[in-house]
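Here's a quick briefing to read with the model open in your viewer. Have the sequence handy too.

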Amino acid sequence: MFLYDSLNLELPADTIICSDDELSLLALANGGDSVGYSFEWSPSLGLSNPIIDNPTFFYDTTVSFDVTLKDECGSPAVTEELTIIVNE
């Protein structure tokens with residue numbers, strides 16, 4: 001039996017943008033089985049794709065996201081929070 005390291009999720013720091021700006025986001029994953037990571041950004045408001053590690057954010061209101069990381073090995077999922085503050 002092989003034991004994997006716990007999943008680890010790193011998100012960018014909370015960020016402030018203007019209402020007309022686009023922001024590329026990136027969630028970094030490690031641990032678990034190191035393959036087959038799945039991401040879920042919730043809510044999906046303003047995201048180009050809520051199930052990838054690097055969506056683009058474009059929205060007119062501040063949003064706090066919960067980002068959940070899972071792997072194919074069944075390691076316990078981890079969730080981190082990120083807030084994008086939109087100055088109107």
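What follows is a short lead, then bullet points grouped by topic.

Keep in mind that this is a predicted model. The protein chain is strands and no helices: the tally is zero helices and eight strands, so to speak a plain β-β-β-β-β-β-β-β when read along the sequence. Of its 88 residues, 28% count as buried.

**Overall picture**

- Along its principal axes, the C-alpha trace of the protein chain spans about 55 × 20 × 15 Å.
- Take the contacts between residues at least 6 apart in sequence: 57% of them join residues at least 24 apart.

**The four-stranded sheet**

- Four strands make an open sheet with mixed pairing, and their order is S2-S8-S7-S5.
- Strand S2 (15-18) and S5 stand at the edges with a single partner strand each, so each has one side without a neighbour in the sheet.
- From one strand to the next, the twist averages 25°.
- S7 and S8 run antiparallel to each other, paired over seven bridges.
- Two bridges to look up between them: leucine 69 has valine 78 in S8 as its bridge partner, and aspartate 66 has glutamate 81 in S8.
- S5 and S7 are antiparallel as well, with five bridges between them.
- If you want a bridge to find there, serine 38 has lysine 70 in S7 as its partner.
- As general background, strands of a sheet pair through backbone hydrogen bonds, either parallel or antiparallel.

**The aromatic cluster**

- How many aromatic pairs does a search of the whole structure find? The search turns up two.
- One of them is tryptophan 41 with phenylalanine 65, an edge-to-face pair at 6.0 Å centre to centre with 80° between the planes.
- Tryptophan 41 sits in strand S5 (residues 38-42) and phenylalanine 65 in strand S7, so this pair ties together parts that are 24 residues apart in sequence.
- Tryptophan 41 and phenylalanine 65 are both buried.
- Phenylalanine 57 and phenylalanine 65 have ring centres 5.8 Å apart and planes at 85°, so that pair is edge-to-face.
- Phenylalanine 57 is buried too, as is phenylalanine 65.
- Put the ring pairs together and you get a cluster of Trp41, Phe57 and Phe65.

**Isoleucine 84**

- Isoleucine 84 belongs to strand S8.
- Is isoleucine 84 buried or exposed? Its relative accessible area is 0%, so isoleucine 84 is buried.
- Setting aside neighbours within four places in sequence, isoleucine 84 is in contact with Thr15, Ile17, Leu23, Leu25, Phe57, Thr62, Val63 and Phe65.
- Two members of the aromatic cluster, Phe57 and Phe65, are among those contacts.
- Threonine 62 is 22 residues from isoleucine 84 in sequence, yet the C-alpha atoms of the two are 5.6 Å apart in space.

**The loop between S7 and S8**

- Cysteine 73 lies in the loop between strand S7 (63-70) and strand S8 (78-87), and serine 75 has its place in that loop too.
- Which of the three classes does cysteine 73 fall into? Cysteine 73 counts as partly exposed because its relative accessibility is 40%.
- Serine 75, in contrast, comes in at 15% relative accessibility, which is under the 20% cut-off, so serine 75 counts as buried.
- Not counting residues up to four places away in sequence, cysteine 73 touches Tyr4 and Asp33.
- With neighbours within four places left aside, serine 75 is in contact with Leu7 and Gly32.
- The side chains of serine 75 and aspartate 71 are joined by a polar contact of 3.0 Å.
- For a sense of distance, cysteine 73 and proline 55 are 18 residues apart along the chain, and their C-alpha atoms are separated by 24 Å.

**Cysteines**

- Cysteine 18 is partly exposed, with a relative accessible area of 45%, and cysteine 73 is also partly exposed, at 40%.
- How many disulfides are there? The count comes to zero.
- As a reminder, a disulfide is a covalent bond between the sulfur atoms of two cysteines.

Technical notes:
Residues numbered from 1 in each chain as written. Predicted model: local features only at pLDDT ≥ 70, side-chain atom pairs only at ≥ 80, totals over all residues. Heavy atoms only, no water. Buried < 20%, exposed > 50% of the residue type's maximum accessible area, 1.4 Å probe, protein only. Contact = heavy atoms within 4.5 Å. Phe/Tyr/Trp six-rings, centres within 6.5 Å; stacked < 30°, edge-to-face > 60°. Disulfide = S-S within 2.5 Å. Pairing = 2+ DSSP bridges. Axes fitted to C-alpha atoms, helices over the stretch in contact; angles between N-to-C directions. Polar contact = N/O pair within 3.5 Å; in protein donor to acceptor, adjacent residues only side chain to side chain.
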